[in-house]
Structure formats: structure tokens, C-alpha cells
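Open the model in your viewer and keep the selection box at hand. The tour below moves from stop to stop and says what is there.

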Amino acid sequence: MISVQKRLTPILLLILAALITSGCEQQEEVIATRFLAFGTLIDLSIVGVSKEQAAAATAAIEKDFAQMHKAWHAWDPGPLGRVNRLIATGTSFVVPPSVLEMIRHSKQLAIESEHLFNPAIGHLIDAWGFHSDDPEGHKPPHPEIIDQLLRQKPRMTDLELDGINLRSSNPNLKLDFGAFGKGFGIDLAIDHLRQMGIENAILNAGGDLRAIGSPRNRPWRIAIRHPSGKGALASVEVSGDESIFTSGDYERKFTWKGKTYHHIIDPRTGYPARGTSSVTVIHPEAATADAAATALFVAGPDNWYNIARKMGVKYVLLVDKTGTIHMNPAMQTRLKLDEKKLKIQLSPVLAE
Ligand code: ADP
Ligand code: MG
């Protein structure tokens, strides 16, 4: 579902650096742990509780992620795999609880994004082969296959939910939550952490994260990834409850006959979206941030602003293929840009 990240995120180092330099005697320790889930490294940093409490919470969250991975796998025989098989039959069926809320939530976000975020294009994603952890060596699907898949027009609005019953008016729809599951899962895990009495934490899945609270009432300092996939482009301070998600063309890709194909597909063309290198979104909810980063990547430098407004997103940074940075003024105010001589294009104000 989500590839193994080769890079180590600089976020922990930044948090630690912020604490070390704060000069307080009774600093609260950041208790950091790392585990593998969704095929990605998950870093959980907890502040303000005992080591025992943090260890118990970490064990519970690790278990949550293992279960979510099983439940939301698009092609393994778990709950989502079953839903996908039943969708293809055109009959009405009862949706398992682990998938029901995901469908409801992602359908809403797909509509707001004008279907640029479209988790119904599972068959198209399969055709591109971006499911494997290492797609290198693949080749693009035949144009006729892409045409055929596009003609089927799968959309989340084909799914009719009646209570817990689901029916798809389009048997060619296949759900793929590769652009959403990580965010949705982080939100569930943060709810769980709070239930366990944890108020200050960062849950970071391969560079996409949600932070709650703050260490000793100081903000967390978070690095935003460079579109090259290496190092930080900027940093931003976060206190309270915010998620930061980045979608980039460096995540999963393959090269065929000298051309590179990445894993974020424009549902209108059936091909990897063009014009964007990376998009970073800040939003309270991780699920929305995840879906929006993908949607705005597809929308590209000319249309991201309209889609961000529709999705209710207030902070966006988009790096286009030429290296120009597009962002809204509120985002610029929050960012510490590491690089000089950047070409920056400011949008009008996004809805406050
Ligand atoms: P990341 O892999 O960094 O989390 P995204 O959140 O953008 O990146 O998710 C990309 C994944 O989402 C792809 O691997 C694929 O499974 C799926 N996907 C690709 N294009 C779309 C799209 N337009 N809408 C919804 N899901 C998509
Ligand atoms: Mg996403």
C-alpha cells in the first residue's frame, strides 16, 4: 500500500534540538519509538508522561497500525479486499465497520476535490503497478488499457451507502486508499492516544504526521521535505493539533525508455499528474491533509487554489516542475524557508 521509506525523517532531530536549546532545567523528555507499519517507518514521539505509560501507549498504537494495515489492504483477503470483490458484483451488502467510515469520509473529500482525489480508481492504480514496494522495472500500461479504464469512469459518487449497506452502481470501481489510509489511520491513532491520557505527541509516518499538544508549551518544529526527496525545504512551528502531509513525485516511480512515471495519477487522463513536484498541506485532520495533498498535486500550479478552497484547506505549499513555490500568504507567514533565492508565487488569501 505504502512504500518503505528509505530516508530518515529529520523531525525527531529537530524536536530534540529544540528541547536541548531551550535551556530549561526540568525539560520533559521526548520518548521516541519507531516501528514499521503500512510498509513505512512510523515514529511516535510522546512527551509529558512516564516511560511506562509511553511504552504501553506505543505498544497499543503499533497493534492498531498492524490491524489497520490488514483491514485496508486493497487486494489482500481482508475487509477492504472483500468490499472490493462485492462491489464488482453490483449487489447490496453490509460494509465491515473498519471500512464504512473510510468510505463515507473519503467520498466527501473526493466530491470536494472535484474527484481529483479519487480512491475509486483502484483498477487504474493496479494497471500502473504502483502497488509493489519497488515499482522500478515496470513499464507503463498499454494506452488502450488506460482508455478502457477511463471509459469506466469510476467515482466515489457511484457508491450508495444506506446505513451500513453499500451498493456500487459501477461494478468497475475498485477502492484504493493509498492516498488516504495513512492519514485516516493517524487520526484514529491520535484519538486512541488521547483516550490513553497522552496529550503531547507526534505521530509521524514516513514524513507525514499529526502533532498534538506541545513539549513544555513550546511549539514542535517540523521540517517540510524538499521536493528532491532529500533534506528539508523549510520548517514550520506547530502547537496544538495539526497535521502536515506531503505528496511528492519522488515517493514511488519507475523509469521506462528514459521517461519517469510517478505514482500520483490524474484520474482525468489516466497518466501520472504533470506540472507538480510536491505539495505540502497543513490541516487539523490528517485524513483531510492526506487527501488534499494528493488532490492538489493533481490540480497542479494553475488549479490548486480553487481545489484548496473547496476542500477547506488553509495552508498549502506547492513546488512546481520548474522549482517555483506556490503558496497562500498564511502559509508563507508560518514558514521558515531554508533556501535563499527561491522563486515564490503567492496566491490570493485562502478562506480563513
Ligand atoms: P504517498 O504515497 O506519499 O502517501 P499519496 O498520499 O499522494 O502519496 O498517495 C499516492 C497513492 O494513492 C498511490 O500510490 C495510489 O495508490 C493512490 N493514488 C494515486 N493517484 C490517486 C488519485 N488521484 N486519487 C486517489 N488515490 C490516488
Ligand atoms: Mg495523500
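**Stop 1: Arg252.** Select Arg252, in the loop between strand 10 (242-248) and strand 11 (253-256). Helices (H or I, at least four residues) and strands (E, at least two) are DSSP runs, numbered from the N terminus. Arg252 has 9% relative accessibility, so it counts as buried. Buried means under 20% relative accessible area, exposed over 50%, and partly exposed in between (1.4 Å probe, protein chains only). Now add Phe130: the side chain of Arg252 reaches the backbone oxygen of Phe130 at 2.4 Å. A polar contact is a pair of N or O atoms within 3.5 Å; within protein, one must be able to donate a hydrogen and the other to accept it, and residues adjacent in sequence count only if both atoms are side-chain atoms.

Before moving on, some ground rules. This is a predicted model, in which local features need pLDDT of at least 70 and side-chain atom pairs count only at pLDDT 80 or more, while totals for chains, interfaces and linings use all residues. Residues are numbered from 1 along each chain as its sequence is written, chains are lettered from A and ligands numbered from 1 in the order in which they are written, and side-chain values use heavy atoms, with hydrogens and water left out.

**Stop 2: Ile244.** Stay with strand 10 and select Ile244. Is Ile244 buried or exposed? It counts as buried, at 3% relative accessibility. Show its contacts, leaving aside neighbours within four places in sequence: Gly207, Asp208, Leu209, Ile222, Val236, Val238, Thr280, Val281 and Ile282. Contact means heavy atoms within 4.5 Å. Then draw a distance to Ala293. The C-alpha atoms of Ile244 and Ala293 are 9.3 Å apart in space, with their positions 49 residues apart in sequence.

**Stop 3: helix 8.** Select residues 286-311, which form helix 8. How far apart are the end C-alpha atoms of helix 8? Only 13 Å, although a straight helix of 26 residues would reach 38 Å at 1.5 Å a residue. The expected span is 1.5 Å times one less than the number of residues. Look at Gly300: helix 8 bends there by about 130°, and Pro301 follows within four residues. The bend at a residue is the angle between axes fitted to the seven residues ending there and the seven starting there. Helix 8 is largely enclosed by the rest of the structure, because 20 of its 26 residues are buried.

Next, pick Ala308 in helix 8. Ala308 has 0% relative accessibility, so it counts as buried. Beyond four places in sequence, Ala308 touches Leu296, Val313, Val316 and Leu350. Step just past the end of helix 8 to Gly312, which takes a positive phi of about 70°.

**Stop 4: the magnesium ion.** Select ligand 2. Which atoms coordinate this magnesium ion? They are Ala179 (O), Asp290 (O), Asp290 (OD) and Thr294 (OG1), at 2.1 to 2.7 Å. Along the chain, these donors follow the spacing A-x110-D-x3-T. Ala179 sits in the loop between strand 5 (165-168) and helix 7 (181-195), and Thr294 in helix 8, so the pair links distant parts of the chain, 115 residues apart. Donors are N, O and S atoms within 2.8 Å of the metal (3.2 Å for Na, K and Ca); water is not among the atoms, so sites may look incomplete.

**Stop 5: ligand 1.** Keep Thr294 selected. Thr294 counts as buried, at 10% relative accessibility. One of its polar side-chain atoms lies 2.8 Å from an oxygen atom of ligand 1. Now show the surroundings: 20 residues surround ligand 1, and the closest are Leu116, Asn118, Ser247, Ile265 and Thr294. A residue is near a molecule if one of its heavy atoms lies within 4 Å of it. Backbone N or O atoms also approach nitrogen atoms of ligand 1, at 2.9 Å from Leu116 and 2.8 Å from Asn118.

**Stop 6: two loops.** Select Phe38, in the loop between strand 1 and strand 2. Phe38 has a positive phi of about 55° although it is not a glycine. Most residues other than glycine have a negative phi. Phe38 counts as buried, at 1% relative accessibility. Finish at Glu114, in the loop between helix 4 and helix 5 (122-128). Glu114 also has a positive phi of about 55°, but it counts as partly exposed, at 38% relative accessibility.
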